[in-house]
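I opened the coordinates today to keep a record of what I looked up, entry by entry. I begin with the chain as a whole and then go on to single sites.

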Amino acid sequence: MRAAALPVPLLQLLARLRAAGVADERVLQALAATPRELFLPQQFAPRAWEDFAFEIGFGQTISQPSVVARMTALAQVRPSDRVLEVGTGSGFQAAVLARLARFVFTVERIPALATQARKRLALLGLANVTVQVMDGSLGWKAHAPYDAILLTAAAPAVPPPLLEQLAEGGRLVAPVGERRQQELVRITRHGESFTEERFGPASFVPLVGKEGFAPA
Ligand code: SAM
């Protein structure tokens, strides 16, 4: 990574992530190569690399960059992988994933956010991402199975359709718990059984849908 060309807040963020144990340099490079300012409302652009979640409209948020890095690292994405993201939001997480995976399928329930994300991803020339408007709590069966699934909205429990759409050895990373407070979990598929690991507290907006929460 050419450190000299990067903004100071981004360098500080990368240093904090390394110190916190995010050791996968591919993930850190993908994060640093994705101009977060393009995914934010204009008034927040100067603060793009501050480690905050910002409002992006429609009551939704772009996740903190440290959370994006952590979830991406936990998903262990390889260059040949097919990845599903549930909760496109701004498109930033999808853009980071697009630099690491073969194909990224990302789904969003709010059409205006999906349209905006599509434009941003196209502007960056990330042609391996497909954005679709649908209830992602049911996954996206047409493109399954997925080597990795990232749920970037909080689910009351891991939606069974997402487990079904996970490939052998596939990893699913999700915030699971209550509407306001969750725990980050990683589920790995081994045949018809699944192992679960827990990675501490998380705070995401709710997954709203058939296998998620009811609208507020
Ligand atoms: N990954 C996003 C990013 O990089 O900006 C941030 C995601 S934001 C925290 C959560 C998103 O999940 C919101 O845009 C919300 O509309 C979306 N969402 C909630 N329930 C959903 C569902 N059932 N299907 C698809 N998207 C959903």
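**Overall dimensions**

I compared the radius of gyration with the globule rule: for 216 residues a compact globule would come out near 17 Å, and the protein chain has 16 Å, which agrees. I note at once that this is a predicted model, so local features were read only where pLDDT is at least 70. Along the principal axes, the C-alpha atoms of the protein chain fill a box of roughly 50 × 35 × 35 Å. For secondary structure I found 6 helices and 9 strands in the protein chain. I then looked up burial, and 44% of the 216 residues count as buried. As for contacts between residues at least 6 apart in sequence, 54% of them join residues at least 24 apart.

**The annotated site**

I turned next to the UniProt record, an unreviewed entry, which places the feature "active site" at S63. I located S63 in the loop between β2 (60-62) and α3 (65-75). Is S63 buried or exposed? S63 is buried, because 25 other C-beta atoms lie within 10 Å and the cut-off for burial is 20 or more. Leaving out residues up to four places away in sequence, I listed A53, V68, Q93 and T152 as the residues that S63 touches.

**The shell around the ligand**

I counted 26 residues around the ligand, of which G87, G89, Q93, G136 and G209 come nearest. Q93 therefore appears in two of my lists, as a contact of S63 and among the residues that come nearest to the ligand. Which element gives the most to this shell? The answer is β2, with 3 residues, while β2, α4 (92-98) and β4 (103-108) each supply at least two. By residue class, the shell divides into 11 nonpolar, 12 polar and 3 charged residues.

**Helix α3 and the residue after it**

I checked α3 residue by residue and found that 8 of its 11 residues are buried, so the helix is largely enclosed by the rest of the structure. The buried ones are P65, V68, A69, R70, M71, T72, L74 and A75; V68 I had already met as a contact of S63. Just after α3, Q76 takes a positive phi of about 50°, although Q76 is not a glycine. Q76 sits in the loop between α3 and β3 (82-86), and I class Q76 as partly exposed because it has 18 other C-beta atoms within 10 Å.

**Other backbone exceptions**

I kept in mind that most residues other than glycine have a negative phi and that most peptide bonds are trans. F58, which is not a glycine, has a positive phi of about 60°. F58 lies in the loop between β1 and β2 and counts as partly exposed, since it has 13 C-beta neighbours inside 10 Å. The peptide bond from A144 to P145 is cis, with omega near 5°, and I placed P145 in the loop between β5 (129-133) and β6 (146-151).

**The nonpolar core**

The largest nonpolar core has 58 residues, and V83, A94, L97, V104, I149 and L151 touch the most other members. To this core α4 gives the most, with 6 residues. I followed I149 further and, not counting residues up to four places away in sequence, found contacts with L84, L162, Q165, L166 and L172.

**Two further residues**

I looked up P175 in strand β7 (residues 166-177), where P175 is buried, with 25 other C-beta atoms within 10 Å. Beyond four places in sequence, P175 touches L151, A154, Q182, L184, A202 and F204. For one of these, A202, I also took the C-alpha separation from P175, which is 6.2 Å across 27 residues of chain.

A48 is in the loop between α2 (25-32) and β1 (54-57). With 20 C-beta neighbours inside 10 Å, A48 counts as buried, because the cut-off is 20 or more. I noted 8.7 Å between the C-alpha atoms of A48 and L10, which are 38 residues apart along the chain. Apart from its neighbours within four places in sequence, A48 is in contact with R36, E37 and L40.

Technical notes
Residues are numbered from 1 along each chain as its sequence is written. This is a predicted model: local features need pLDDT of at least 70, side-chain atom pairs count only at pLDDT 80 or more; totals for chains, interfaces and linings use all residues. UniProt positions are given in the numbering used here, feature names are shortened, and annotations may be inferred rather than shown by experiment. Helices (H or I, at least four residues) and strands (E, at least two) are DSSP runs, numbered from the N terminus. A residue is buried if 20 or more other C-beta atoms lie within 10 Å of its own, exposed if 12 or fewer, and partly exposed in between; C-beta atoms are placed from the backbone. Two residues are in contact if their C-beta atoms, placed from the backbone, lie within 7 Å. A residue is near a molecule or strand if its C-beta atom, placed from the backbone, lies within 6 Å of it. Ala, Val, Leu, Ile, Met, Phe, Trp, Tyr, Cys and Pro count as nonpolar, Asp, Glu, Lys and Arg as charged, and the others, Gly among them, as polar. A nonpolar core is a set of buried Ala, Val, Leu, Ile, Met, Phe, Trp, Tyr and Cys residues joined through C-beta atoms within 7 Å. The radius of gyration is taken over C-alpha atoms; the globule rule is 2.2 Å times the number of residues to the power 0.38.
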